[in-house]
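Trainee: Could we go through this one together, a question at a time?
Mentor: Happily; have a look at it first, and then ask away.

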Amino acid sequence: MKPFASKQIAVFSCATVLIGFIFIPMANSANESYDRYSTQYPEIAEEPAWKEIVNHALVYPFEILRGIADGGLYLVENYQLDQKAKWIYGKIQDQGITPFGSVLSFTNLGGGAETDLVKLAHLRAHFPSLIVTHTLLWNHRTIFETSAKIGAERLFMDGVHAYGNFKYESRPEEHFNGIGHLSTAGNGTSYKMEVTTLGATAGYSPTPLSSIDFDFTYQNINITDGEDGGRGIIDTTFPANAIPGLAGDDLITVGLTFDHDTRHHAEASTQGGQEKLSVAFVNGIAGSNARYFKSKLEISRYLRLGSDRRVLAFHFYGEQNNSFSAHSVPFHQMARLGGYGDYPNLSQTLRGFDNNRFYDKSAALFNLEYRYTVWEHREFKLDTVVFLDEGQVFNKYFRFKLKNFRESYGIGTRLSFANNTIFSVEVAHGDEGTNFYVKSRAPF
Amino acid sequence: MSKAERLFNFRYLVIAAVLLTWLPLSARASEMQEFKGNASGTYRDIFDQNIFYEGTKYLNFDRLFRAIRRQPVRAKDINVFDEVPDNAYFTNRHARKKLSAQALEKGYSETEGPDTKGPLTVLKAKFFDSLASLLVRDSRGDEYVLKFDPYSHLALATSSEVIASRFYYAIGYNVPQYSIVKIRTDQLVIGPNALLFDDSGFQKKLTQEKLQERFLFLPVDTEGNFRASAGKILPGTYLGTFQFKGRGKHNPGDSLKAEERRSIRALQVFASWLNDYRMSRISTLAVAFESNGKREMKYYLTDFEDTLGAVLDREKAPMFTHEYLFDYGETIKSFVSLGGYVKPWQKRWKEADEKSASPAVGYFDNRYFDPGRFKTQLPHDAFKDLTPADAFWAAKTVMSFSDDEIAAMVKAGRLSRREDEDHLTKTLAERRDLIGRYWFERACPLDDFKFSGTLLSFTNLAVQAGFQDQGAGYQVDIDQMDGKKRQPVASFTIRENSIDLGRWLGHSQNLWVGISPASDEKNQKQPHVFIQLGSSGILSIEHED
């Protein structure tokens, strides 16, 4: 290439670049006269500090609480205290011990543990069907219970099971207001009941949904004055001869129970139901005058209303105790209504009334609940429940009258995880007042 | 009242006054320190956002009055042209200059990913529930967090994380480098001090047996490889998470509250696009680093395994993105209606026959998707303060991505089934349009203002996207500056996307032009955009909040 030509090219190139530098930005400026991403900010007057103080004045006191809560939560998460607690609980369970808590009311907290002794002895692999358990339960001023069970889940063939059990329970504050639907709350007394039970059960489950069990039980029942200082003394308020069984009893029971359970979960079923029929002959020994025939029928049904989130739950409970002539049914073995539910209490669900409010030989109870889910997050669920309880106690069949039903109604909310109730708060109103319940389970 | 009592009460008054003064001042005093760490956690975040701030929001007078008067608060991190300039939180990328398909697919990249030709030394392992992650160092000395897919959902979490990281990066947020990596267990070497964090909550020494045992429960691909998303550890000093509320505690130079930042508020829109359920401070990172001898801060979004159809170790639960963790409003609706109120997520789940598209994609579709009602796990004031102008800015960014560009970013997820890629691309493209249509209706959709000679021209993004036709044109209101006051001088309707302002320009140094889509219905208020013009051209642009 000649030097002249090179020079010409160099000049031309420089000129082109120069023109480019001059005209390209000019052309751009004609299209867009601003840099839309520039760091030129509009002028905004800064708000005075006092304004922020005034705006937040009401929040500052709560900020102290937030600081405490945040600190605690940070500590729990950072040191994984919740994971550690869960792991420790799991490890204890792996050893065969299952501790549990029990909430009967705001002030009545308790707990216990179930121990699988076969697992504890590391023999579960050798004896998969063997049952050797011990249960301990305590609730402040309600119950102390210790029980043991020994038997086999499978005996000779699938479905055949048998076990023996021993149980001691002390109930320091069982309430009693008299017998019959006309009893008044004003006669409120309490008694202490200590029950020692020795029994044996053998049964057959043809399917996982149904079973038939034969029971033979001996019970020693001691009745003494209750420990509830605010209530009357039972044998002062009620003469001993007016209340059968006030001196305690020794009872032999022979019974048969049929159970058919199609619920898909014990506490939060959305379908199916349960039918349970039990009949028993009870005979008093060692001076007890008791001799009666006990029959109980319990039916529950769960109807899904177009969605698992809306369920109508129905529960019926009927109990009849027919005493033989010249014999009696001890009051402590009678049908009971009142309160939230039967375990660890012995009374059936009539929430607008106190626990054990009504006693008599027979009882009929209907519970209707409309349960609907208002919040759910993965396996957590919050249900609202609107309920109506109708129940009455009576002595003989012909004494059963529709007008004698006592009703209670109310509303509540239940928080559950994987269909297990963790916490429930319910308020019920009946003609004797309003009751609040804080529980860790559903009544049926 | 006795003298002693009066003195006693006076003391309390003094203490209260001191406390009220000290509390905000102490917050400012803490800002005097440079680049401070800021610890957070999930539990704390849930309590703060979902319980405390929700419970006390109307005790804040400012917020209460604004709620009553429905008064929006304009973002403060925007420039005079209604854009967010590049800052420590946000860098304008795709909306500023279209990224190539290769760049979109690649995303933020420092390396090609972990060097799997050599051994990967495991420094730390976390095994929680069905989640497994490892901190590894490759032969080049780079460290990565490997997060594996949960059992029975091969590619679900890993592809979601990588794909979402591409989107957030292209939009403009800072993200760490994420890539898909396939490994075998024989490539993993346990480091001498490697620790294991598992469900027990106790840290243990990691052994080969424990690692092998855990890998038995992880899914493998057809070649027997384990699949993980590899997030590169960022250079710099980690200072914890950044806040979505209040002033940042890391940086004394940062005077803006998080809820005053458009770049934070707009995360509500971007999260709705990417179905990002867990968009909150626990998925963020503040990093201090040296640049040109200066110490600077950068704020990152991290951990995207809760995006698209995934949520950590499983498919998204049906209520996710429709409800907050504790959604008081939805709960009250259900309570009052006695369970009769069927929530949109319930209808959606039922219509989907209670199953998702595929195990690798999870539960991600556009049925009942409402851009205005999308909810992250926790409520954030910053998201509630989103104004139509903020949302318009975010929506136009979302709309800047074409179908092919979306497909390029989805490709980064390395999904093995073409149908899964197509499903994601289609869903994201549809959702882009739903977001654009929704927010362009609520703000004045005019953008790309150009001023040449006396002609002011603009683009109607809603018309350009095909969401609207030209309709009745535009209502134009012109004000001139008379001293410090604005005086209306003209009001007329135009049908074109340009206005000749020659008549008014000579009379005033500054001209305010308000434009809104003209409405066929009388008295229907349309959102405006205001353009201030001066002798040097466009001085400012402001979309109405």
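**Strands, turns and the interface**

Mentor: A place to begin: in strand 2 of chain B, B:Leu135 is the bridge partner of B:Lys124. Keep in mind that this is a predicted model.

Trainee: How many bridges join strand 1 of chain B to strand 2 of chain B?
Mentor: Strand 2 of chain B covers residues 131-137 and runs antiparallel to strand 1 of chain B. The pair forms a hairpin with two residues between the strands. The number of bridges joining them is seven.

Trainee: Which residue in the turn of that hairpin has a positive phi?
Mentor: The turn lies between strand 1 and strand 2 of chain B. The phi there is about 45°, and the residue that has it is B:Asp129.

Trainee: In what sense do strand 1 and strand 5 of chain B pair?
Mentor: Strand 1 of chain B spans residues 120-128 and strand 5 of chain B spans residues 188-198, with seven bridges between them. In this pairing, B:Phe127 stands opposite B:Asp198. The sense is parallel.

Trainee: Still in chain B, is B:Val73 buried, partly exposed or exposed?
Mentor: B:Val73 sits in the loop between helix 3 (61-69) and helix 4 (101-106) of chain B. Its relative accessibility is 25%, and buried would need a value under 20%. Since exposed would need a value over 50%, B:Val73 counts as partly exposed.

Trainee: How far apart in space are B:Val73 and B:Thr387, C-alpha to C-alpha?
Mentor: In sequence these two are 314 residues apart. Even so, B:Val73 is in contact with B:Thr387, and also with B:Arg66, B:Arg265 and B:Asp385. The C-alpha to C-alpha distance is 7.5 Å.

Trainee: On to chain A: over how many bridges do strand 15 and strand 16 of chain A pair?
Mentor: These strands form a hairpin with two residues between them, and A:Arg378 in the turn has a positive phi of about 50°. Within the pairing, A:Tyr372 stands opposite A:Thr384 of strand 16. The strands are antiparallel, and the number of bridges is 15.

Trainee: Which residue of strand 17 of chain A stands opposite A:Leu382?
Mentor: Strand 17 of chain A (residues 406-417) runs antiparallel to strand 16 of chain A, with 12 bridges joining them. Opposite A:Leu382 in strand 17 is A:Leu415.

Trainee: And A:Ser416, is that residue buried or exposed?
Mentor: A:Ser416 is found in strand 17 of chain A. Beyond its neighbours within four places in sequence, its contacts are A:Glu379, A:Phe380, A:Lys381, A:Thr421 and A:Ile422. Because its relative accessibility is 6% and the cut-off is under 20%, A:Ser416 counts as buried.

Trainee: Which three residues supply the most of the area that chain A buries against chain B?
Mentor: The area buried between the two chains is about 5600 Å², with carbon and sulfur atoms giving 58%. Three residues supply 14% of what chain A buries there, more than any other three: A:Arg36, A:Tyr37 and A:Arg378.

Trainee: How many salt bridges are there between chain A and chain B?
Mentor: One example joins the side chains of A:Arg66 and B:Asp48, at 3.0 Å from N to O. The count between the two chains is six.

Trainee: Which helix gives the largest share of the side of chain A that touches chain B?
Mentor: Several elements of chain A each supply at least two residues to that side, including helix 1 (3-31) and strand 15 (362-377). The largest share is 10 residues, and it comes from helix 3 of chain A.

Note on methods: Residues numbered from 1 in each chain as written. Chains lettered and ligands numbered in written order. Predicted model: local features only at pLDDT ≥ 70, side-chain atom pairs only at ≥ 80, totals over all residues. Heavy atoms only, no water. Buried area = accessible area lost by both parts, 1.4 Å probe. Salt bridge = Lys/Arg side-chain N within 4 Å of Asp/Glu carboxyl O. Helix = DSSP H or I, 4+ residues; strand = E, 2+ residues; numbered from the N terminus. Pairing = 2+ DSSP bridges. Buried < 20%, exposed > 50% of the residue type's maximum accessible area, 1.4 Å probe, protein only. Contact = heavy atoms within 4.5 Å.
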